[in-house]
Amino acid sequence: MAYAFQWLRSLIFAGQAYAMMAVMAVFFTPWAIFDRRGAFVAVHTWCRYVRWTASWMIGLRSEVRGEVPSGEVMIAAKHQSFFDIIILVSALPRPKFIMKKELVWTPILGWYAKRIGCVPVDRGRRGAAIKAMLARVASGQQEPGQLIIYPQGTRVSPGVSRDYKVGTGVLYQEMGVPCVPVACNVGVFWPRRRIYRAPGLAVIEFLPPVPPGIPVREFMVRLKDTIEAQSDRLMAEAGFEVAHPEVERG
């Protein structure tokens, strides 16, 4: 009975969160059209709203640990569920992502993504897009921001081990800026492809930045060891232990 009640609460929570996304998108659009700050306010407001409603509607509190970076940096984050994106974006002053160019035409989300400085890329032309973005920042045409990437390439459930993609190291080399690793335990409470959300304390943690200039192979080893070790600690704190993780390749 308790599980069924929490499932129902989770369904209601999810429905109102997506409904509020549409309401806020419409409300903030006039400001966002004329001033990019309006788009950031819209994105931050919705993400913080979701965190707030999660805390009392389903008993899922959230916490950000570590020093939140500012300026032009690369964020390499552990990705377990949609909620870790929400917490991350709510905390960063100028979050942005690399996105497939065709997603620019997605209603609401595509337009707002472009307004906050996300980088649309064609297949095989990421390097040129990144260089163009850095040039706009250097010339003052675009504010410095925090480029979020997921080294494993997708959401990875707690207890599953997945390779870190070398493209993360190539991007780190191309950008020439510090990389801030981010660990999390969010998937323990907010599983992928399920309605049920468990109560508890979801945490993301900003870890000490990795300076630019480290060889790619060494960078990748350091990044994986740092993120995985701290994510395991955060999951253990939440009562989840991984003794022999399942291996997932892709």
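Me: On a 1 Å grid over the protein atoms alone, a cavity is a set of points where a 1.4 Å probe fits but cannot get out. How many cavities of 30 Å³ or more does the count come to?

Reply: Heads up, this is a predicted model, where local features need pLDDT of at least 70, side-chain atom pairs count only at pLDDT 80 or more, and totals for chains, interfaces and linings use all residues. Numbering runs from 1 along each chain as its sequence is written, and side-chain values use heavy atoms, with hydrogens and water left out. For cavities of 30 Å³ or more, the count is two.

Me: Which elements give two or more residues to the lining of the second largest cavity?

Reply: That cavity holds about 40 Å³ (the space filled by probe spheres set on points joined across faces, edges and corners). Its lining (residues with an atom within 4 Å of a point) includes Ala77, Lys78, Asp84, Leu88 and Cys184. By class, the lining has eight nonpolar, no polar and two charged residues. The elements giving two or more residues (helices of at least four, strands of at least two in DSSP runs) are α3 and β7.

Me: Leu88 lines that cavity, so to speak; what else is Leu88 in contact with, leaving aside its neighbours within four places in sequence?

Reply: Contact means heavy atoms within 4.5 Å. Leu88 is also among the residues with the most contacts inside the largest nonpolar core, along with Ile75 and Phe83. Beyond its sequence neighbours, Leu88 touches Ile75, Ala77, Ile148, Tyr150, Val182, Ile204 and Phe206.

Me: Which element gives the most to the largest nonpolar core?

Reply: That core (buried nonpolar side chains, under 20% relative accessible area, joined through atoms within 4.5 Å) has 49 residues. Elements that each supply at least two include α1 (2-34), α3 (82-91), β7 and β8. The top contributor, with 10 residues, is α2.

Me: Which element gives the most to the lining of the second largest pocket?

Reply: A pocket is an open set with protein on both sides within 12 Å along at least five of seven lines. This one has a volume of about 220 Å³, and among its 19 lining residues, Ala14, Tyr18, Phe82, Trp190 and Arg197 are the closest to the centre. The lining splits into 12 nonpolar, two polar and five charged residues. Giving six residues, the most of any element, is α1.

Me: What is phi of Arg193 near?

Reply: Arg193 is in the loop between β7 (179-184) and β8 (200-206). Arg193 is exposed (over 50%), with a relative accessible area of 68%. Most residues other than glycine have a negative phi. Arg193 has a positive one, near 60 degrees.

Notes:
Buried < 20%, exposed > 50% of the residue type's maximum accessible area, 1.4 Å probe, protein only. Nonpolar A, V, L, I, M, F, W, Y, C, P; charged D, E, K, R; others polar.
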